[in-house]
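Dear colleague,

Here is the structure I promised to pass on to you, together with its sequence. Please have it open while you read, since my notes on what was found follow directly below it.

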Amino acid sequence: MPALLYLLAACNLVIGSGAFGLTGILAPMAASLGSSVATTGQSMTVYALANAILAPAVMLRTAHWSRRACLQLALALFAAGQLLCALATSLEWLLAGRVLMGAGAVLTPVAAGLAVALVPAAQRGRALSLTFLGMSLSYVIGLPLTAWAGTAWGWRVPVLALAALALLMLVLVSLWVPRQLAGGGSGFGDLRPLLARPVVRRTLALTLLYFTAIFAVFSYIGPVLQALNPMNAGALSTTLMVFGLAGVAGTVSGGWAADRFGPLPTLRLQLAGLAAMMALVPVTQGLPQAMVAVFVVWGVCGFGMMAPQQIRLATESPAHAPLLISLNASMLYFGTALGAAVGGMGSAWIGLRELAWLALPFALAGGLTLLTSPSMETRHERPDPTG
């Protein structure tokens with residue numbers, strides 16, 4: 001794999017840690033800003049919506065920039081947003097910073113498009129897995145470190161540190177990414193023809209549906225785990241870390257499997273595994289080891305679907321890969337927000353223990369998009385036997 005992919009993975013580690021690290025320091029942040037934890041937690045919703053709406057817009061506006069310039073802009077926006085959050089004296093300023101961060105997270109699809117362009121078609125899965133490994137590691141490294149530093153030294157310290165790391169990534173990108181790498185070339189005129197393609201629509205619909213299913217449960221994962229099998233804080237933290245490690249394994253194995261067997265067969269197996277785990281979650285009440293095992297398989301399947309999904313889009317139109325992957329990220333964040341809303345209503349309706357059963361129909365609906373995929377996609381995705 002090209003060495004540049006490791007730098008892109010490090011950038012995604014910073015992006016992921018900054019995006020989701022606030023979840024571990026919401027309480028001290030809310031107290032400092034004179035807000036409630038629930039209200040301050042809406043900073044995650046603001047970030048998700050800003051990313052879903054602004055990142056594709058930034059991608060379209062910078063279509064003909066060099067990829068280095070796009071990465072530089074993204075890291076500058078993200079660092080500025082982090083700095084604004086760290087210096088915020090009110091909830092309004094915090095949310096403004098999160099909007100900037102959401103726009104700066106356009107780095108992730110730009111990096112994915114660059115990864116696709118740097119390797120042969122038969123290695124796209126592994127290249128995307130490596131690039132997104134940083135995002136998976138942010139759950140295992142970034143979140144615990146942010147929570148620990150925020151508890152030890154105050155919530156502003158880790159937020160400032162992440163702003164500094166984003167600036168460091170900006171310097172490294174400026175030094176190491178070749179100037180001559182062209183942009184994706186996708187302007188507003190390219191958007192409608194791309195969305196007219198059935199494969200593109202079905203791929204985006206699958207991302208929306210399976211992220212809705214996942215986050216209907218994982219938006220409330222702590223209470224769900226406690227409802228199934230009450231545990232102390234240490235056991236809960238360990239369980240969440242194990243899930244994060246399962247996500248790392250899924251990210252790596254998903255890319256490998258997509259290269260080896262093709263994206264569509266890989267996705268069918270992963271989605272079937274995810275749906276099966278959703279069906280099993282409620283029956284693990286009183287069985288803590290079984291519960292952990294179910295969520296480990298859930299993590300491997302759920303995280304593993306990212307690379308095959310992006311390969312489908314990149315294969316459909318390699319020249320427009322950054323824009324398509326940015327649209328896929330928008331569906332991811334819309335699904336996250338919709339899942340949180342579904343889970344919130346469902347927890348009051350059927351309770352936390354059975355919440356996974358409410359999420360299951362969304363996963364099954366996602367499966368329908370794979371069953372009806374056109375035969376052309378199967379031809380596109382057939383692995384290269386020489387790879």
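Of the 387 residues in the protein chain, 54% are buried, and I should say at once that these values come from a predicted model. The chain exposes about 15,400 Å² in total, and carbon and sulfur atoms supply 71% of that area.

As to the fold, the protein chain holds 19 helices and 0 strands. Its radius of gyration is 20 Å, close to the 21 Å that the globule rule gives for 387 residues, so the chain is as compact as a globular protein of that length. Along the principal axes, the C-alpha trace spans about 50 × 45 × 35 Å. If one takes the contacts between residues at least 6 apart in sequence, 84% of them join residues that are at least 24 apart.

A word on confidence belongs here. The mean pLDDT of the protein chain is 87, and 93% of its residues reach 70 or more. Over residues 378-387, however, the pLDDT is below 50, although this stretch has 14 contacts in the model beyond its near neighbours in sequence.

Turning to charged pairs, the structure holds 2 salt bridges. In general terms, side chains of opposite charge can pair when their charged atoms come close. In one of the bridges, the side chains of arginine 126 and aspartate 259 meet at 2.9 Å, N to O. Arginine 126 lies in helix 8 (residues 124-153) and aspartate 259 in helix 13 (residues 233-261), so this pair ties together parts of the chain that are 133 residues apart in sequence. How covered are the partners? Arginine 126 is partly exposed, with a relative accessible area of 31%, whereas aspartate 259 is buried, at 11%.

The other bridge is formed by the side chains of arginine 197 and glutamate 316, which meet at 3.5 Å, N to O. This pair, too, links distant parts of the chain, here 119 residues apart: arginine 197 sits in the loop between helix 10 (188-195) and helix 11 (198-218), while glutamate 316 belongs to helix 16 (residues 306-316). Arginine 197 is partly exposed, with a relative accessible area of 29%, and glutamate 316 is buried, with a value of 15%.

On the surface, Leu49, Ile53, Leu54, Val99 and Phe334 make a nonpolar patch of about 370 Å². Helix 4 (residues 42-61) contributes the largest share of this patch, namely 3 residues. Leucine 54 is found in that helix, and with a relative accessible area of 30% leucine 54 counts as partly exposed, because that class runs between the limits of 20% and 50%.

One further residue that you may wish to look at is glutamine 270, which is found in helix 14 (residues 263-280). Its relative accessibility is 10%, and glutamine 270 therefore counts as buried, the cut-off being under 20%. Leaving aside residues up to four places away in sequence, glutamine 270 touches Gly254, Cys301, Gly304, Met305 and Pro308.

With best regards

Key:
Residues numbered from 1 in each chain as written. Predicted model: local features only at pLDDT ≥ 70, side-chain atom pairs only at ≥ 80, totals over all residues. Heavy atoms only, no water. Patch = residues over 30% accessible without salt bridge, like charges linked within 9 Å, V, L, I, M, F, W, Y side chains within 5 Å. Areas by Shrake-Rupley, 256 points an atom, 1.4 Å probe, with all protein chains shown as cover. Salt bridge = Lys/Arg side-chain N within 4 Å of Asp/Glu carboxyl O. Helix = DSSP H or I, 4+ residues; strand = E, 2+ residues; numbered from the N terminus. Buried < 20%, exposed > 50% of the residue type's maximum accessible area, 1.4 Å probe, protein only. Rg over C-alpha atoms; globule rule 2.2 N^0.38 Å. Contact = heavy atoms within 4.5 Å. pLDDT = per-residue confidence, 0-100.
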